[in-house]
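I sat down with this one to see how its helices pack and what its loops are up to. My notes follow, in the order I looked things up.

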Amino acid sequence: MTHENFPSVLEALHECMEACNHCYDACLQEEDVNTMVECIRLDRECADICAFLEQSITRNSPYMQEIAKVCITACEECADTCEAHHHDHCQKCAKACRKCAEECRKMIA
């Protein structure tokens, strides 16, 4: 398999990475940043894992299935945390994370 087999996964990974990076930055601007610590941490982890999986797919890594499983976990945990906050950036991030997790599930099915 090559990256041409996964256009929707690559798109979802990139969108999720961007949403997580935006959420991370916006969380740092919130008035009570201490309540956003877990969200910030998971935004960073999720963005990095999505970027790593995107790179792994484009180079046809033999580990992309395993990385996709980690990505699903990171996306779901980030989405769960973001959904607990009512900020628009958190809700958008959660939606992107859910979509990404679903696309990764399709890839490894």
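**E83 and its surroundings**

I started with E83, which comes out at 37% relative accessibility and so counts as partly exposed. One caution for myself: this is a predicted model. E83 sits in helix α3. Which residues does E83 touch, once those up to four places away in sequence are set aside? I found Q91, A94 and R98. I also checked the spacing to A94: it is 11 residues along the chain from E83, and the two C-alpha atoms are 5.9 Å apart.

**How α3 and α4 meet**

Those contacts made me look at the helix pair. The axes of α3 and α4 come within 8 Å and cross at roughly 155 degrees. Since angles over 145 degrees count as roughly antiparallel, α3 is roughly antiparallel to α4. I noted the hand of the crossing too: α3 passes α4 in a left-handed one.

**The loop with H85**

Next I went to H85, in the loop between α3 and α4. Is H85 buried or exposed? It has a relative accessible area of 15%, and the cut-off for buried is under 20%, so H85 is buried. Leaving out neighbours within four places in sequence, I get T35, M36, C39, C90 and Q91 as the contacts of H85. Two of these turn up again in my lists of buried residues: C39 for α2 and C90 for α4.

**α4 itself**

I checked the length of α4, residues 88-108. Its 21 residues should span 30 Å at 1.5 Å a residue, and the end C-alpha atoms are 31 Å apart, so the two agree. The buried residues of α4 are H89, C90, C93, A94, A96, C97, C100, A101, E103, C104 and M107. I spotted A94 there, the residue that E83 touches. The cover over these buried residues includes α1, α2 and α3.

**α1 against α4**

Then I tried α1, residues 7-28. The axes of α1 and α4 come within 8 Å, with a crossing angle of roughly 155 degrees. That makes α1 roughly antiparallel to α4. The crossing of α1 and α4 is left-handed. For length, α1 has 22 residues and reaches 32 Å from first C-alpha to last, close to the 32 Å expected. Buried in α1 I have V9, L10, A12, L13, C16, M17, A19, C20, C23, A26 and C27. What do the buried residues of α1 pack against? They pack against α2, α3 and α4.

**α2 and the loop after it**

I gave α2 the length check as well: 22 residues should span 32 Å, and the end C-alpha atoms are 32 Å apart, which agrees. Its buried residues are C39, I40, L42, D43, C46, A47, I49, C50, A51, L53, S56 and I57. I see α1, α3 and α4 among what covers them.

Just after α2, N60 takes a positive phi of about 55 degrees. S61 follows in the loop between α2 (37-58) and α3 (64-83). At 11% relative accessibility, S61 counts as buried. Where does the side chain of S61 reach? I found it at 3.0 Å from the backbone nitrogen of Y63. Last check: S61 and L28 are 33 residues apart in sequence, and their C-alpha atoms are 34 Å apart in space.

How values were computed:
Residues are numbered from 1 along each chain as its sequence is written. This is a predicted model: local features need pLDDT of at least 70, side-chain atom pairs count only at pLDDT 80 or more; totals for chains, interfaces and linings use all residues. Side-chain values use heavy atoms; hydrogens and water are left out. Helices (H or I, at least four residues) and strands (E, at least two) are DSSP runs, numbered from the N terminus. Buried means under 20% relative accessible area, exposed over 50%, partly exposed in between (1.4 Å probe, protein chains only). A polar contact is a pair of N or O atoms within 3.5 Å; within protein, one must be able to donate a hydrogen and the other to accept it, and residues adjacent in sequence count only if both atoms are side-chain atoms. The expected span of a helix is 1.5 Å times one less than its number of residues. Contact means heavy atoms within 4.5 Å. Axes are lines fitted to C-alpha atoms, for helices over the stretch in contact, and angles run from 0 to 180 degrees between N-to-C directions. Angles under 35 degrees count as roughly parallel, over 145 as roughly antiparallel, 65 to 115 as roughly perpendicular and the rest as oblique. A crossing is left-handed if the near helix is turned anticlockwise from the far one by less than a right angle, and right-handed if clockwise.
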